[in-house]
Structures are given as C-alpha cells and as structure tokens.
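Colleague: Before any set-up work begins, I should like to go through this chain with you. Please take the strands, the cores and the confidence in turn.

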Amino acid sequence: MLLKKSLIAAVLFSVSAAAWSQTQISYSGSPTYTLVERTDLLRYDNNKYVGLMSREVRSFITPVSQTNGYLYEGNFFVNEKTQRGAAAAAAGIHDSILSVFRIGSDGVLTMVEDHGYPSFRSFPSYPSHKLQLGERWQAKAERAVDPLNKGIVTKMPIYVEYTYAGEEIFNDQPVYRISAQWATRYGMGSGTSYIDWGGDRELQKASGTHKASILVSKASGAALVVRDTVDEVFVYADGNQVHLKGTINLFTEYPPSVNRDRLLPALKRFAMIDDKQAEKLAKAAPAEDSAIVALALPSASESYESTTVSDDLAALDQPASGEFFTDEGLSSAVSKIEAEPFIPEPLTQASYEPEPYLDESINESKITVDQTPAGIRLTIKDLQFKADSAQLLPGEETRLDNIAAVLKEAGNSQFLIDGHTAHVGNSSDGEMELSLERAHTIAAELSKRGIQAGRFICRGSGGKKPVADNSTPEGRARNRRVEITILE
C-alpha cells in the first residue's frame with residue numbers, strides 16, 4: 001500500500017516526477033475541511049479527583065495562497081455545549097481563534113500566527129515507500145498544551161513511533177489502520193532538556209504516555225479519525241501536580257455544499273449581484289475533483305523509516321493485539337461528535353480589494369460579492385454605527401432583512417462574520433475590540449431574523465486589512481465594513 005508522505009495538505013508541490021509518483025494520493029473532496037478535536041480527560045490535582053474536563057474544538061481550514069508551499073488559515077472555536085453546558089449555548093455566537101500556518105514544499109510546517117491550535121502539529125506523518133504489515137517508522141512532531149486553560153500555550157516536541165496495522169472497512173469505506181505511540185517529556189533533568197521559553201514559565205515538568213489509533217481513507221488519503229489514549233502529569237512551580245487521563249479524539253469533516261441554484265437567485269433578487277456576477281460565481285463552485293490533499297492534521301516533519309525505538313519510546317509497552325484499535329471504540333467516539341458544520345475565511349494580504357462585479361451606480365444594496373477559497377463573501381459597506389460604538393443606527397433594517405433572506409438560502413452552511421475598522425493613530429487594540437463587537441452586533445441582528453445563532457463565527461480584524469487609503473475621509477469610510485463569508 002502506498003501511503004502519503006508527510007505533506008499532509010499539499011497541492012502539486014514542485015518535486016521530481018519520480019518522487020511525485022510515489023507520494024501522490026488522489027483526493028476527490030473539498031479543498032477545505034473541518035477539524036474537530038474532542039477531549040474527555042479525568043483531572044486529578046495532587047492525586048485528588050477534580051472532575052471531567054470535556055470540550056470540543058472545531059475549526060475550518062482553508063488554503064489561501066501558494067508561495068514556496070502552501071499557506072493555510074484556520075478559524076477555531078470552542079463548542080460551548082461541551083465546555084459550559086447546553087443552557088449556556090443559547091447565545092450560540094462563537095468567537096474565532098485564528099491560526100495561520102505554512103507547509104513548505106519540503107513538508108515543513110511553520111506556524112505564522114499561533115494561538116494554540118491545531119494542538120497537534122506534523123502528526124500523523126507517513127513514509128513515501130510501500131509499507132509492509134507490521135512495519136514501524138518514527139517521525140518528529142509537536143504538541144501545543146494549556147492544561148490549566150490559562151491562555152498560555154506551551155509547545156512540546158514529541159517523537160512518535162508508528163506501526164502499519166493493515167487495511168479494513170470503517171463506516172463502509174476502506175481505510176488503512178496505523179497505530180502510534182509516544183512519551184510526554186518536558187522540562188529539565190531525567191534525560192529531558194527542553195523548555196519552551198515562550199510558553200508557560202510556571203510549567204516545570206511533564207511526563208506521560210500516548211497511544212493512538214489512526215484511520216486513513218484509502219480513497220482520499222484523509223486521516224478520518226485519530227483516537228489518542230492519554231495518561232500524563234504536569235508539574236508546576238508552586239508544587240501543584242495535575243494528572244490528566246482519558247482520550248483525545250480528532251475527526252475530519254467536510255462542509256456541506258452550498259446550493260448555488262438557490263443562493264445566486266436570492267443575491268440577484270436583492271440587487272447584490274447582476275447576471276455577470278451570477279455566472280462567474282456559478283463557475284467558481286468548488287470542484288468535485290479537486291487535486292488538493294487535505295488530511296485531518298497538517299503534517300510537516302520529515303518522516304523516516306526505522307525499526308529502532310527511541311529512548312523515550314522504549315519506556316512504552318507495545319499494546320496487545322487489538323488494544324485501542326477496535327471499531328467499536330472509534331464508532332463510539334464518532335457518535336459523540338455533533339455534525340455541525342464550521343466556518344472561517346481565508347487569509348488575505350495586508351491590503352486587498354474585493355472585486356466588485358456590479359457597477360456602483362446600480363448596486364443599491366451597497367454590498368459587493370466575491371468568491372474566496374473559504375466560500376462566497378458578502379462585503380457590507382457603509383454600515384451606520386454610532387461613532388466609536390458597536391450600536392447600529394436606525395436605517396439598516398431593510399438591508400439586514402435582505403441579507404438574512406439570502407443567508408437562509410445557504411442550506412446548512414455556517415457564516416464567518418469579520419468586522420473591520422479604519423486605522424487611525426495607534427489605537428490598534430481598540431480597533432480590534434471594536435471590530436469584533438460590530439461583528440457580534442451583525443450576528444445578533446441576523447439571529448433575530450431567524451438564522452440560528454450557532455451558525456455564526458465572529459472575528460475582528462480591526463484596521464489590519466484596509467481596502468482604501470486611511471488618510472482620507474472617503475478611504476476610512478470604505479475601510480469601515482463587515483464581511484460575511486458563507487463557508488463551503
């Protein structure tokens with residue numbers, strides 16, 4: 001069986017024909033994907049049981065540019081229904097946690113904007129040659145942790161040993177099964193000498209074990225399910241020891257296709273696009289035979305064949321046949337995940353201009369529509385907010401009614417709402433906060449008009465993405481806008 005190399009998300013990188021023939025896996029789905037991370041860990045503080053730590057993190061990953069490899073953007077959010085209970089989810093609107101990373105043509109993953117997600121980097125990772133049943137290999141990876149949810153992410157190198165366990169059927173599709181195991185080693189002493197000086201300075205040591213089962217689609221090369229069994233201890237400077245034991249499950253999902261036969265007529269009906277724009281958007285629908293290979297986790301480290309277990313891995317016992325490999329266990333984990341699609345928008349350059357397809361003189365809605373890698377984007381211009389406030393002024397009701405009517409034709413898609421301000425002086429932090437508040441205002445208004453609040457992801461970009469010159473009143477007015485992306 002030919003498994004793919006460590007380029008987990010790649011599109012025709014510049015490699016020799018011979019090398020590409022060894023590593024290519026045909027991928028027939030969407031170039032964008034949703035990564036779901038479900039954590040269920042028992043927590044013990046100083047050997048005293050505290051409770052169950054359970055949460056679900058979702059993200060929408062989109063390739064946004066191709067220069068020396070590929071640049072990806074992910075918008076992550078914590079599902080409040082698992083974090084704080086169903087009652088707290090009534091508000092429903094989520095805030096985006098942005099992640100930007102690059103996977104070079106050599107397969108190396110580099111974080112560009114890092115807020116802790118994805119928590120596993122360069123994992124899983126596969127050799128390019130044909131594997132024999134039971135064959136082992138090792139590869140480097142990285143894990144980002146924040147055990148106490150302090151908002152301080154600590155990065156830990158990990159050295160993973162993989163074992164190829166053969167082929168089987170999972171959820172009616174053929175898959176490769178791979179097992180993986182590694183030891184948690186962080187801090188100084190005991191044969192370990194690694195500290196992340198940009199991480200939590202109070203975290204002194206970490207140790208433990210991970211044993212994972214990975215199911216990789218034969219057809220697409222996507223890592224459909226990763227089930228990681230965790231048992232590890234974190235030691236802090238104040239002497240507190242936190243013991244976490246349980247499972248981390250990762251799933252790849254794909255967003256629903258937008259029914260453009262319904263959406264485009266709605267955009268035309270409210271004068272947001274004309275016939276020319278509708279034709280162009282119809283042709284821009286995501287292709288079913290996209291060449292992009294999108295696996296569940298962006299993998300980057302150079303993998304290598306090996307039958308020798310490292311010192312860290314030597315401490316781990318090889319699991320008995322069938323242990324943590326059962327379909328029953330994986331199916332149970334899958335059933336815990338609610339099938340809710342996600343939403344973000346692609347990374348853009350510091351200055352960009354959405355391409356308007358309507359002549360401004362006939363675009364009475366003052367909304368431009370364009371296609372992005374993440375989906376169809378509606379840019380709402382000249383929204384009337386109270387100065388330096390997220391409070392909408394009277395007069396926007398009809399436009400919001402029309403936007404809500406359009407979004408209702410987007411099926412089960414989710415929506416990324418990105419607020420923007422003009423950049424004036426040195427008030428970047430204030431601009432970011434204001435732009436996020438304005439995004440929330442629009443989400444709340446659309447929710448009042450019948451769209452489920454849980455379908456909205458809000459992000460504030462402040463004045464970082466101007467479309468006009470901030471030195472003029474006209475330019476600043478154009479930069480004050482809200483963008484809604486129908487994620488697909």
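**Sheet, cores and confidence**

Modeller: In this predicted model, six strands form an open sheet of mixed pairing, in the order E5-E21-E20-E22-E19-E18.

Colleague: Which strands stand at the edges of that sheet, each with a single partner strand?

Modeller: The sheet is open, and its order runs E5-E21-E20-E22-E19-E18. The two end positions have a single partner strand each, so one side of each is left without a neighbour in the sheet. The edge strands are E5 (94–95) and E18 (367–372).

Colleague: Which residue in E22 is the bridge partner of Ile 376?

Modeller: Strand E19 covers residues 375–381 and strand E22 residues 481–487. The two run antiparallel and are joined by seven bridges. In E22, the partner of Ile 376 is Ile 486.

Colleague: Helix H4 lies across E18 and E19; at about what angle does the helix run to E18?

Modeller: Helix H4 comprises residues 275–283 and lies across both strands. E18 is one of the edge strands of the sheet. The angle between H4 and E18 is about 20°.

Colleague: Which helix gives the largest share of the largest nonpolar core?

Modeller: This core has 37 residues, and those with the most contacts inside it are Leu 267, Ile 417, Ile 442 and Leu 446. Beyond four places in sequence, Leu 446 is in contact with residues including Leu 400, Ile 403, Ala 404 and Leu 407. The largest share, five residues, comes from helix H7 (residues 397–407).

Colleague: How many residues has the other core, which lies apart from it?

Modeller: Among its members are Phe 120, Val 145, Tyr 162 and Tyr 186. In soluble globular proteins, nonpolar side chains tend to be buried together. The size of this other core is 34 residues.

Colleague: Where in the chain is confidence highest, and where is it lowest?

Modeller: The chain averages a pLDDT of 76, and 72% of the residues score at least 70. Strand E14 (residues 223–236) has the highest confidence, at 95. The lowest mean, 28, belongs to helix H1 (residues 17–23).

Colleague: How many contacts beyond four places in sequence does the model have for residues 288–363?

Modeller: Another stretch, residues 81–90, has a pLDDT below 50 and 13 contacts beyond near neighbours in sequence. Over residues 288–363 the pLDDT likewise stays under 50. For residues 288–363, the number of contacts in the model is 259.

Colleague: What percentage of the residues counts as buried?

Modeller: The chain exposes about 21,000 Å², of which carbon and sulfur atoms supply 50%. A residue counts as buried under 20% relative accessible area. Of the 488 residues, the buried share is 55%.

Methods:
Residues are numbered from 1 along each chain as its sequence is written. This is a predicted model: local features need pLDDT of at least 70, side-chain atom pairs count only at pLDDT 80 or more; totals for chains, interfaces and linings use all residues. Side-chain values use heavy atoms; hydrogens and water are left out. A nonpolar core is a set of buried Ala, Val, Leu, Ile, Met, Phe, Trp, Tyr and Cys residues joined through side-chain atoms within 4.5 Å. Buried means under 20% relative accessible area, exposed over 50%, partly exposed in between (1.4 Å probe, protein chains only). Helices (H or I, at least four residues) and strands (E, at least two) are DSSP runs, numbered from the N terminus. Contact means heavy atoms within 4.5 Å. pLDDT is the predictor's confidence in each residue, from 0 to 100. Two strands pair if DSSP finds at least two bridges between them. Axes are lines fitted to C-alpha atoms, for helices over the stretch in contact, and angles run from 0 to 180 degrees between N-to-C directions. Accessible areas come from the Shrake-Rupley method with a 1.4 Å probe; for residues, only the protein chains shown count as cover.
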